[in-house]
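Okay, thanks everyone for squeezing in. I'd like to walk you through one model today, mostly by way of a few side chains and how they sit. Have a look at the screen and then I'll get going.

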Amino acid sequence: MLSTPFRLLFAAVWAATTVRGWYPGQDAPGLARDTAPPGQAYTFALDTGFNVQEQTSSEAAPDVELTLDNGAPYPHPFEYERIGANGPLLLQDTHLLEVFGSFDRERIPERVVHARGAGAHGYFEVTNADFCKNYTMMDMLSENGLRTPITMRFSTVGGESGSPDEARDPRGFAMKFRTRKGIVDFVMNNTPVFFIRDPSKFPHFIHTQKRHPSSHLRDKDMFWDYLGSNPESLYQVMRLFSDLGTPYGFRHMDAWTGHTYRWVKQDGTWSYVKLYAQTMQGIQNFTNADANAIAGSNPDFATQDLYEAIQNGTYPGWTLYAQVLSPQAAQTFKYNVLDLTKDWGFDDVAPVEIGKFYLTQNPTNYFAEIEQAAFSPSNMVDGWAPSADPVLQARLFSYPDTHRYRLGVNHKQIPVNAPINPVANFERDGRMNVNGNQGSRPVYMSTLSKMKLPPRLYNDEEHQQWTGGAVAALAAVNEIDFDWPRRFWNGLSEQDQQNLISNVVGHLGAAPTYSVRQRMASLFYHANATLGQAIADGVGVKVVDLTFPDGPTWFNVTKTPVGSTLDY
């Protein structure tokens with residue numbers, strides 16, 4: 001039964017619509033009566049808001065007024081709404097909800113490796129274009145005096161984001177070049193080699209450098225068990241436990257690509273190449289005692305040292321060198337050029353200067369410019385190509401995949417990662433696509449609106465050729481793997497040798513398991529009897545004789561893990 005008021009309202013509405021017709025019609029209340037005048041269609045540039053906010057980010061606090069995220073003015077950042085003086089909060093308080101919603105999401109996943117770091121911006125300048133053009137068509141190396149803007153990030157490898165930046169650890173040395181032909185990244189370290197040459201070992205190695213799954217503590221048994229059972233790591237271990245493992249900040253260290261890359265000419269011919277950066281500030285390291293003291297008193301020492309040097313106008317610089325080997329020379333080279341655990345000594349392959357680079361600009365906002373910087377060896381340009389180094393091949397996937405996870409699929413639209421030349425392809429949509437999503441161009445290779453295609457520079461079929469079937473690959477250890485540990489030891493001063501022994505004894509000696517200490521000491525002994533015996537005496541073990549086969553520079557295919565991982 002309808003109530004009397006509702007029956008009266010219904011009758012009034014029926015009477016009105018009998019005469020005027022039921023809306024929505026052309027005379028319905030609130031609807032536009034006219035179309036826009038011809039030739040006066042209204043348009044709006046959708047990037048206006050983005051541009052305004054980018055400009056506002058550079059303004060000082062006294063020049064801006066407090067707002068909510070939607071731009072609406074707000075009187076005070078500490079205010080919140082509640083019922084009365086003592087009542088509960090209100091769900092309608094969008095300011096408070098917005099504040100906590102943003103705060104709860106401030107942290108993005110830190111890098112699994114290289115989480116602790118610092119960075120800055122600067123430029124690279126070519127000094128030897130004639131040499132470079134003999135081997136590569138890279139545009140950024142084509143003219144003497146050509147300057148390319150760069151962003152660099154230095155880092156430790158194993159530590160978390162808040163760990164001391166003077167910890168004993170290799171240092172990452174990543175460079176982003178904004179060339180006229182696209183972004184190219186050199187992902188370097190302050191060491192010419194690494195602990196592994198088999199890519200599948202990398203997660204295992206990194207797990208041992210982090211925390212134990214039960215205690216959540218650093219575990220020296222775990223640390224040394226991996227290194228001792230994978231002897232190809234020995235040269236890197238010796239560099240790490242020398243004073244080179246605790247450099248004085250980030251400015252006083254050299255860097256290497258480690259991996260072998262390829263320089264390619266326009267005719268498709270190519271050469272193997274490694275790059276080396278020599279610090280202009282001179283090599284300077286902490287002793288173990290000094291590094292521990294600094295880590296305790298100022299865990300941000302390296303970050304502060306870099307920032308303040310640039311702030312004071314003492315711009316750090318490095319000279320970049322190239323080492324080049326022809327494919328023919330590589331076949332008879334002493335070491336496998338695809339082995340990341342082998343250095344190219346300067347007496348083996350002479351380095352040639354190709355340029356210099358300097359850091360001249362501190363970040364205005366660390367998170368925006370350094371934490372969000374995404375470096376990857378897969379960022380390549382014409383003339384710079386990967387070799388078949390299996391660890392490098394794996395990093396071509398792993399690095400950009402990490403950034404897709406940390407920063408999103410559109411991380412190359414973040415200003416610090418964005419190329420300075422036009423980008424046009426068919427990759428669209430995805431989260432946080434903020435640069436126009438490539439507009440209204442076809443989303444496929446259309447014959448109706450054809451995108452220009454650059455010319456193919458050389459015949460891929462003749463560029464590199466491979467034969468063979470799929471094999472299970474795993475490198476086995478042999479005698480050549482002890483050549484660089486011996487070269488390194490013999491190149492140290494007596495004081496540096498003593499420091500290396502002391503540093504190893506202090507760390508390895510804390511591993512509780514006798515067999516772990518014994519195996520590691522025996523590996524050092526195999527490299528050099530004086531070194532190994534001193535370490536064995538220091539950690540309380542007796543060395544055992546180890547033997548390894550002679551053979552090619554890399555037993556690169558095995559059907560079992562025998563010979564690759566000791567005692568397994």
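Let me start with an arginine. R487 comes out at a relative accessible area of 24%, so I'm calling R487 partly exposed. And before anyone asks, yes, this is a predicted model.

What does R487 pair up with? R487 makes a salt bridge with D348, and the closest N and O atoms there are 3.1 Å apart. That pair reaches across the chain: D348 sits in the loop between α10 (327–331) and β9 (352–361), while R487 is in helix α14, and the two are 139 residues apart. D348 is partly exposed as well, at 30% relative accessibility.

Now the neighbouring arginine, R486. Its side chain meets that of E479 in a salt bridge, 3.2 Å from N to O. R486 has a relative accessible area of 26%, so R486 goes down as partly exposed. E479 is at 19%, and because the cut-off for buried is under 20%, E479 counts as buried.

There's also a salt-bridge network: R197, D339, K342 and D481 are joined into one by bridges that share partners. Let me pull out one pair from that. R197 bridges to D481, with the closest N and O atoms at 2.7 Å. In sequence those two are 284 residues apart: R197 is in the loop between β4 (182–189) and α5 (201–209), and D481 is in the loop between α13 (460–463) and α14 (483–491).

Buried or exposed, for R197? Buried, at a relative accessible area of 1%. D481 is buried too, with 4%. For the whole model, the salt-bridge count is 26.

Okay, zooming out for a second. We've got 17 helices and ten strands in the chain. The chain has 568 residues, and 45% of them count as buried. And on contacts: if you take pairs at least 6 apart in sequence, 72% of those contacts join residues at least 24 apart.

Next, a helix pair. Helix α6, residues 220–229, packs against helix α15, residues 494–508, with the axes 10 Å apart and an angle of about 125°. So α6 and α15 are oblique to each other. Which residues make the contact? From α6 it's K220, F223 and W224, and from α15 it's V504, H507 and L508. Sorted by class, that's four nonpolar residues, one polar and one charged.

Moving on to a serine in a strand. S155 sits in strand β2, residues 147–156. S155 is buried, with just 2% relative accessible area. Its side chain has a polar contact with the side chain of H114, at 2.8 Å. If you skip the neighbours within four places in sequence, S155 is in contact with H114, R116, G117, P170, R171, G172 and F250.

For a contrast in setting, take L89. L89 is in the loop between α2 (48–57) and α3 (94–103). At 48% relative accessibility, L89 counts as partly exposed; the exposed label needs over 50%. Leaving out residues up to four places away in sequence, L89 touches Y80, E81, R82 and L96.

Last thing, backbone angles, since I know some of you will go looking. Most residues other than glycine have a negative phi. Here are two that go the other way. M432 isn't a glycine, yet it has a positive phi of about 55°. Q438 isn't one either, and its phi is positive at about 65°.

Where are they? M432 is in the loop between α12 (390–406) and α13, and Q438 is found in the loop between α12 and α13. Their surroundings have opposite labels, though: M432 is exposed, at a relative accessible area of 66%, whereas Q438 is buried, at 15%.

So, to leave you with one picture: R197 and D481, both with low accessible areas, at 1% and 4%, bridging a gap of 284 residues in sequence. That's what I've got, so happy to rotate the view if anyone wants to see a particular spot.

Technical notes: Residues numbered from 1 in each chain as written. Predicted model: local features only at pLDDT ≥ 70, side-chain atom pairs only at ≥ 80, totals over all residues. Heavy atoms only, no water. Salt bridge = Lys/Arg side-chain N within 4 Å of Asp/Glu carboxyl O. Helix = DSSP H or I, 4+ residues; strand = E, 2+ residues; numbered from the N terminus. Buried < 20%, exposed > 50% of the residue type's maximum accessible area, 1.4 Å probe, protein only. Contact = heavy atoms within 4.5 Å. Axes fitted to C-alpha atoms, helices over the stretch in contact; angles between N-to-C directions. Parallel < 35°, antiparallel > 145°, perpendicular 65-115°, else oblique. Nonpolar A, V, L, I, M, F, W, Y, C, P; charged D, E, K, R; others polar. Polar contact = N/O pair within 3.5 Å; in protein donor to acceptor, adjacent residues only side chain to side chain.
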